[in-house]
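Colleague: I'd like to learn how to read helix packing and pockets in a model. Can you walk me through one?

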Amino acid sequence: MSDRAAIFDTVTRLIEPFNKKGVALTETTSFAGDLEWDSLTVMDFVAAVEDEFDILITMNMQAEIETVGQLADAVVKLKNQ
């Protein structure tokens, strides 16, 4: 399994507790549209991702991340810095 695939799997696992509607998670699942997360949920989730991967996601990066796939790509980038 590639790093990217493993990271995607971990990200989807981290989403589960916040996935109140049981939305099927794919690369294109959007946090605002599909999951309907509010800003507080996003903050809690970002903290969980940062802790899991030992990375820091800036506010600017958060603003650009709209889908699960984009988040996985961002984690890959941050881990490889």
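Colleague: Okay, at what angle do the axes of helix α1 and helix α2 cross?

Modeller: Keep in mind that this is a predicted model. As a general idea, a packed pair of helices is described by the angle between the axes and the distance between them. Here α1 covers residues 3–15 and α2 covers residues 39–53; their axes cross at roughly 140° and come within 10 Å. The label "roughly antiparallel" needs an angle over 145 degrees, so α1 counts as oblique to α2. As for handedness, the crossing of α1 past α2 is right-handed.

Colleague: Which residues in α1 and α2 meet?

Modeller: From α1 you get I7, T10, V11, R13, L14 and I15, and on the α2 side they meet F45, A48, V49, E52 and F53. Sorted by class, this contact has eight nonpolar residues, one polar and two charged.

Colleague: Now the pocket. How much space lies in the largest pocket, and which residues are the closest to its centre?

Modeller: The largest pocket holds about 310 Å³ of space. Its lining has 15 residues, and F31, V42, V46, Q62 and I65 are the closest to the centre.

Colleague: Which helix gives the most to that lining?

Modeller: That's α2, with six residues. Both α2 and α3 (59–64) supply at least two residues each.

Colleague: And how do the lining residues divide by class?

Modeller: The lining of the largest pocket has 12 nonpolar residues, two polar and one charged. To tie the two topics together, α2 packs against α1 through residues such as F45 and V49, and α2 also gives the most to the pocket lining.

How values were computed:
Residues are numbered from 1 along each chain as its sequence is written. This is a predicted model: local features need pLDDT of at least 70, side-chain atom pairs count only at pLDDT 80 or more; totals for chains, interfaces and linings use all residues. Side-chain values use heavy atoms; hydrogens and water are left out. Axes are lines fitted to C-alpha atoms, for helices over the stretch in contact, and angles run from 0 to 180 degrees between N-to-C directions. Helices (H or I, at least four residues) and strands (E, at least two) are DSSP runs, numbered from the N terminus. Angles under 35 degrees count as roughly parallel, over 145 as roughly antiparallel, 65 to 115 as roughly perpendicular and the rest as oblique. A crossing is left-handed if the near helix is turned anticlockwise from the far one by less than a right angle, and right-handed if clockwise. Contact means heavy atoms within 4.5 Å. Ala, Val, Leu, Ile, Met, Phe, Trp, Tyr, Cys and Pro count as nonpolar, Asp, Glu, Lys and Arg as charged, and the others, Gly among them, as polar. On a 1 Å grid over the protein atoms alone, a cavity is a set of points where a 1.4 Å probe fits but cannot get out, and a pocket is an open set with protein on both sides within 12 Å along at least five of seven lines; lining residues have an atom within 4 Å of a point. Grid points are joined across faces, edges and corners, and a volume is the space filled by probe spheres set on the points.
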